[in-house]
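Work through the exercises below with the model open beside you. Each task is followed by a stepwise solution.

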Amino acid sequence: MPSAKRYWLVKSEPDVYSFDHLWSDKGRRTLWDGVRNYQARNTMRDDMQVGDGVLFYHSNAKPPGVAGIAEVASKSYPDPTQFDPAHKYFDEKSKVEDPRWWLVDIRAKKKVKRFVSLDELKANPKLSEMALCQRGSRLSVQPVRPSEWRIVLAMCGL
DNA sequence: GCCAACGTTGGC
DNA sequence: GCCAACGTTGGC
């Protein structure tokens, strides 16, 4: 039996791949490829389940913040880009029979009614323990508590 | 297994 | 563009 629905936050640079980009992609979904950090990899490989909620966060943006709501749309599977020598995410040390990098599909669910900036998130005392708000937080895939999820969605007007 | 050097992230 | 924070690499 699957465990209860969980919540996550993924980062993307809008100049590279924005929430609107995901929204206009076929099926409003994409492979969340290119993650090359072991902790983020473990989260996708081991912890994410189909239907989990995802905050789509714009990093390296002016301003950075939550730009959309998405969901996990597949079980984890090996990131195909690691095996493609022509791809910038190619990893020559990874073997097909023992893949190093895993991903899930992400599907856009809802546009936010209000963009919520990082400043606003940090200013909310109820979000002081949120992973994103911690100093030096660089993880591109990170957990979100159910309470934090509800608060952020409310801030987004949802 | 330590740790210095180096690379990357990402807010500012 | 700067730089703090942090992850990875590789010599020893």
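**Exercise 1. Classify Phe19 and Trp23 by accessibility, then describe their ring pair.**

Solution.
1. In this predicted model, Phe19 has a relative accessible area of 1%. Buried means under 20%, so Phe19 is buried.
2. Trp23 has 21% relative accessibility. Partly exposed runs from the 20% limit up to 50%, so Trp23 counts as partly exposed.
3. Locate the two residues. Both Phe19 and Trp23 lie in helix α1. They are 4 residues apart, about one turn of the helix.
4. A pair of aromatic rings is described by the distance of the centres and the angle of the planes. For Phe19 and Trp23, the centres are 5.9 Å apart and the planes stand at 45 degrees. Edge-to-face needs over 60 degrees and stacked under 30, so this pair is tilted.

**Exercise 2. What geometry does the pair of Trp32 and Phe56 have, and which parts of the chain does the pair link?**

Solution.
1. The ring centres of Trp32 and Phe56 are 5.5 Å apart. The angle between the planes is 80 degrees. The pair is edge-to-face.
2. Trp32 sits in the loop between β2 (29-31) and α2. Phe56 belongs to strand β3. With the two positions 24 residues apart, the pair links distant parts of the chain.
3. Check burial: Trp32 and Phe56 are both buried.
4. Now widen the view. The structure holds 6 aromatic pairs. One aromatic cluster consists of Tyr17, Phe19, Trp23, Trp32 and Phe56.

**Exercise 3. Which elements supply the largest nonpolar core, and what does Met48 touch?**

Solution.
1. Start with the general tendency. In soluble globular proteins, nonpolar side chains tend to be buried together.
2. The largest nonpolar core has 21 residues. Trp32, Met44, Met48 and Val141 have the most contacts inside this core.
3. At least two core residues come from each of β1 (7-12), α1 (19-24), α2 (38-47), β3 (53-58), β4 (65-72) and β7 (105-117). β4 gives the most, with 3 residues.
4. Set aside the neighbours of Met48 within four places in sequence. Its contacts are then Trp8, Val10, Thr43, Val72, Val104 and Val141.
5. Another core, of 20 residues, lies apart from the largest one. Val116, Met130, Leu132 and Val144 are among its members.

**Exercise 4. Describe the surface near DNA strand B and its polar contacts.**

Solution.
1. List the residues: Lys11, Tyr57, Ser59, Asn60, Pro64, Leu118, Asp119, Lys122 and Arg138 surround DNA strand B.
2. Sort them by class: 3 nonpolar, 2 polar and 4 charged.
3. Helix α3 (residues 118-123) gives the most to this surface, with 3 residues.
4. Turn to the DNA side. Sugar or phosphate holds 65% of the strand B atoms within 4 Å of the protein, and bases hold the rest.
5. Phosphate oxygens of DNA strand B meet N or O side-chain atoms of Lys11 at 2.8 Å and of Tyr57 at 2.7 Å. At Asn60, a polar backbone atom is 3.0 Å from a phosphate oxygen.

**Exercise 5. Which parts of DNA strand C do the side chains of Arg135 and Arg138 approach?**

Solution.
1. DNA strand C has Tyr38, Arg135, Gly136 and Arg138 around it. They divide into 1 nonpolar, 1 polar and 2 charged.
2. Of the strand C atoms within 4 Å of the protein, 76% are sugar and phosphate.
3. An N or O side-chain atom of Arg135 is 2.3 Å from a phosphate oxygen of strand C.
4. For Arg138, such an atom is 2.9 Å from a base oxygen of strand C.

How values were computed
Residues are numbered from 1 along each chain as its sequence is written. Chains are lettered from A and ligands numbered from 1 in the order in which they are written. This is a predicted model: local features need pLDDT of at least 70, side-chain atom pairs count only at pLDDT 80 or more; totals for chains, interfaces and linings use all residues. Side-chain values use heavy atoms; hydrogens and water are left out. A nonpolar core is a set of buried Ala, Val, Leu, Ile, Met, Phe, Trp, Tyr and Cys residues joined through side-chain atoms within 4.5 Å. Buried means under 20% relative accessible area, exposed over 50%, partly exposed in between (1.4 Å probe, protein chains only). Contact means heavy atoms within 4.5 Å. A residue is near a molecule or strand if one of its heavy atoms lies within 4 Å of it. A polar contact is a pair of N or O atoms within 3.5 Å; within protein, one must be able to donate a hydrogen and the other to accept it, and residues adjacent in sequence count only if both atoms are side-chain atoms. Ala, Val, Leu, Ile, Met, Phe, Trp, Tyr, Cys and Pro count as nonpolar, Asp, Glu, Lys and Arg as charged, and the others, Gly among them, as polar. Rings of Phe, Tyr and Trp (its six-membered ring) pair if their centres lie within 6.5 Å; planes under 30 degrees apart count as stacked, over 60 as edge-to-face and the rest as tilted.
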